[in-house]
Amino acid sequence: MSATLLGAALAFTGTLTAAAAGPAPAAAPARAVEAAAAPLTDVLVFSRTTGFRHSSIDDGIAAIQDLGAANGFSVTATEDPTAFTTANLAQYQAVVWLSTTGDVLNAAQQGAFEAYIADGGGYVGIHAAADTEYDWPWYGGLVGAWFRSHPATQEATIHVEDRANPSTEHLHEEWTRTDEWYDYRTNPRSDVKVLASLDESSYDGGAMGGDHPIAWCHDYQGGRSWYTGLGHTDESYDDPAFVEMILGGIQVASGNRAADCRPETGYTPLFDGTQASLDAWEQAGPGGFTLEDGTLTSFGGMGLLWYPVQTFGDYSLKVDWMMPGDDNGGVFIGFPDPQGDPWGPVDLGHEIQIDATDADPSRTTGSVYSFSAPDVAARDAALNPPGTWNTYEITVEGRDVTIYLNGVQINEYTSDRDIANGYIGLQNDGDGWDINYRNVRIKHDDGGGDPVTDLARGRPVTVSSVEPGSGHVGANAVDGDPATRWGSAFADPQSITVDLGSARTLERVRLNWETAHARSYSVQTSTDGTTWNQAYATTSGDGGLDDLAVTGTARYVRVTGTERATQWGYSLWDLAVLGS
């Protein structure tokens, strides 16, 4: 499926890639799915000033008119407040307040604009729109924050926080430009989705204490609001990057392009666009990803880039993704250590699919692959087309999975798999199935406290024996390396004990056995290393991965095998103790 360009002069030029739970079924006929975007046909630009008047207003009007001509919408420019009637406003999908200042509407006109927003209208605020209507509290909520002061016009560095939003997806992570940098009376972050912020160390006079939003969006009382503090200088409207930012803002505010504009706080980055953050991930299977400008681009496959630092339970995971065309990708959740095999997560976790053209709705974008189809109408309305960016939010609570696309809930599913605690990953599906990812972040639903993690990783272990003449020492089972293992002498019984360092709350024990596994074994826990409680026992172990519910509080965990399944010793690739 090919992407429709936004305009020849302003087309998105990024190059990115995707993946899935497996190659798309060759026999399945393609079914094109286009996003059901709201139409964008008419925009009103309002630039009345009763205070300071910016010389850049005329340049701004001309730039927006050019955007309209290039992208198929008409632009009506006015400074007449009588345009603010219910009947007149109803024809516009967005109203741009272009560097307005002071008290610009009377009470009746304010009421008409409030009704317009309540009926689903869009607001775009540029620069001094925040220096407007200080005695109208509703407007202050709409714009997000009122202007307080500014230093002299100068160069500064902008950090682009959300590179999936249509107004910022074309920008680099850092953006250096000259403008008049507003300080605001309040920090809007808790009420809006911050798209970009200022680096106050890069210029003189910033007064917001380091956290300095400069562009944002949010839903507001039935409508949509998008604001940027940029746009003071005449030269701003000759800057293609800034003009394209305005285009994206108009598209978001009008509902023409989908965007997740919900406030976002409390997330921890797992991949923030830097090589240092990528170094914490591991590739299982063939292919992989390249990194450029904070963007992962897939090659080869089918493989899986996964985050081995810890497992997660009860969380909200957000991932920005983009397919260049009719491609394929996916986000994996709830799987155990794949031990280098990308098919393990397919069988034991779940893939949240990215593939807009599979004929099977349970294998299209927004599905829990092969298990649960999305609400197709909701998905289509929220989906940005190939060549543009989208955002998944995937929440996991126990075995309940909820999927949001660009802030809209599109799927809900209760799994019969043990996904309540597991790893997360990003798939590369193969040559020709391209996908790109940015900005992977996670938040625990409990709002604090220790996350569930592998308490055994790197901790001291004691073993009953080591296979003679081998290097298969006990520490190999807790070193996080899937290529190393503990192997015992060829005799029964044998045991491995891990010291967690202090009494910890346990949730699960995961054992990944090699072929020489235990037919009969038990798991015991202890607070003092002397008195042991049996937490699990089996006489029918069959090797591979054993994922066991082991609850309670303990410092020591011991696995004791009493019957080997082969003539060899016990061989354990990995011992994980999950808890907090």
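Here are some friendly notes on a predicted model, taken point by point.

1. **A pocket to start with.** A good place to begin is the second largest pocket, with a volume of about 450 Å³. Its lining is made up of 21 residues, and those closest to the centre are H159, E161, E264, N439 and R441. If you would like to find the pocket by its secondary structure, look for β6 (154-160), β9 (193-199) and β24 (436-444), the elements that each give two or more residues to the lining. The largest share, three residues, comes from β24.

2. **What kind of lining is it?** The residues around the second largest pocket divide into ten charged, six polar and five nonpolar. H159, E161, E264, N439 and R441, closest to the centre of this pocket, make handy labels to switch on in a viewer.

3. **Following β9 outward.** Strand β9, one of the elements in that pocket lining, is mostly covered, with six of its seven residues buried. On one hand β9 pairs with β6: the two run antiparallel and are joined by four bridges. Within this pairing, T157 has D199 of β9 as its bridge partner. β9 also pairs with β10 (residues 213-220), again antiparallel and through four bridges. Here S197 has P213 in β10 as its bridge partner. As background, strands of a sheet pair through backbone hydrogen bonds, either parallel or antiparallel.

4. **A disulfide on β10.** How many disulfides does the model have? The count comes to one. It is formed by C217 and C261, whose sulfur atoms are 2.1 Å apart. The pair links distant parts of the chain, 44 residues apart: C217 belongs to strand β10, while C261 lies in the loop between α5 (240-254) and β12 (268-271). Are these cysteines buried or exposed? Both C217 and C261 are buried. As for handedness, the torsion about the S-S bond of C217 and C261 is about -100 degrees, so the disulfide is left-handed.

5. **An open sheet.** Elsewhere, five strands form an open sheet with antiparallel pairing, in the order β13-β16-β23-β18-β19. β13 (282-284) and β19 (350-354) stand at the edges; each has a single partner strand, so one side of each is left without a neighbour in the sheet. Direction ignored, neighbouring strands of this sheet are turned by 25 degrees against each other on average.

6. **One pairing inside that sheet.** For a closer view, try β16 (residues 301-306) and β23 (residues 423-429), which run antiparallel and are joined by five bridges. A useful pair to locate is G303, which stands opposite N428 in β23. When you look at the side chains, remember that in a regular strand they alternate between the two faces of the sheet.

7. **Enclosed space.** A search of the whole structure finds four cavities of 30 Å³ or more. The largest cavity has a volume of about 70 Å³. Its lining consists of T311, P336, D337, Q339, Y423, R510, N512, L545, D574, A576 and L578. Two elements, β28 (494-513) and β32 (571-579), give two or more residues to this lining, and β32 provides the largest share, three residues. By class, the lining of the largest cavity has five nonpolar, three polar and three charged residues. Y423 links this point to the previous one, as it lines the largest cavity and its number falls in β23 (residues 423-429).

Key:
Residues are numbered from 1 along each chain as its sequence is written. This is a predicted model: local features need pLDDT of at least 70, side-chain atom pairs count only at pLDDT 80 or more; totals for chains, interfaces and linings use all residues. Side-chain values use heavy atoms; hydrogens and water are left out. On a 1 Å grid over the protein atoms alone, a cavity is a set of points where a 1.4 Å probe fits but cannot get out, and a pocket is an open set with protein on both sides within 12 Å along at least five of seven lines; lining residues have an atom within 4 Å of a point. Grid points are joined across faces, edges and corners, and a volume is the space filled by probe spheres set on the points. Ala, Val, Leu, Ile, Met, Phe, Trp, Tyr, Cys and Pro count as nonpolar, Asp, Glu, Lys and Arg as charged, and the others, Gly among them, as polar. Buried means under 20% relative accessible area, exposed over 50%, partly exposed in between (1.4 Å probe, protein chains only). Two strands pair if DSSP finds at least two bridges between them. A disulfide is a pair of cysteine sulfur atoms within 2.5 Å. Axes are lines fitted to C-alpha atoms, for helices over the stretch in contact, and angles run from 0 to 180 degrees between N-to-C directions.
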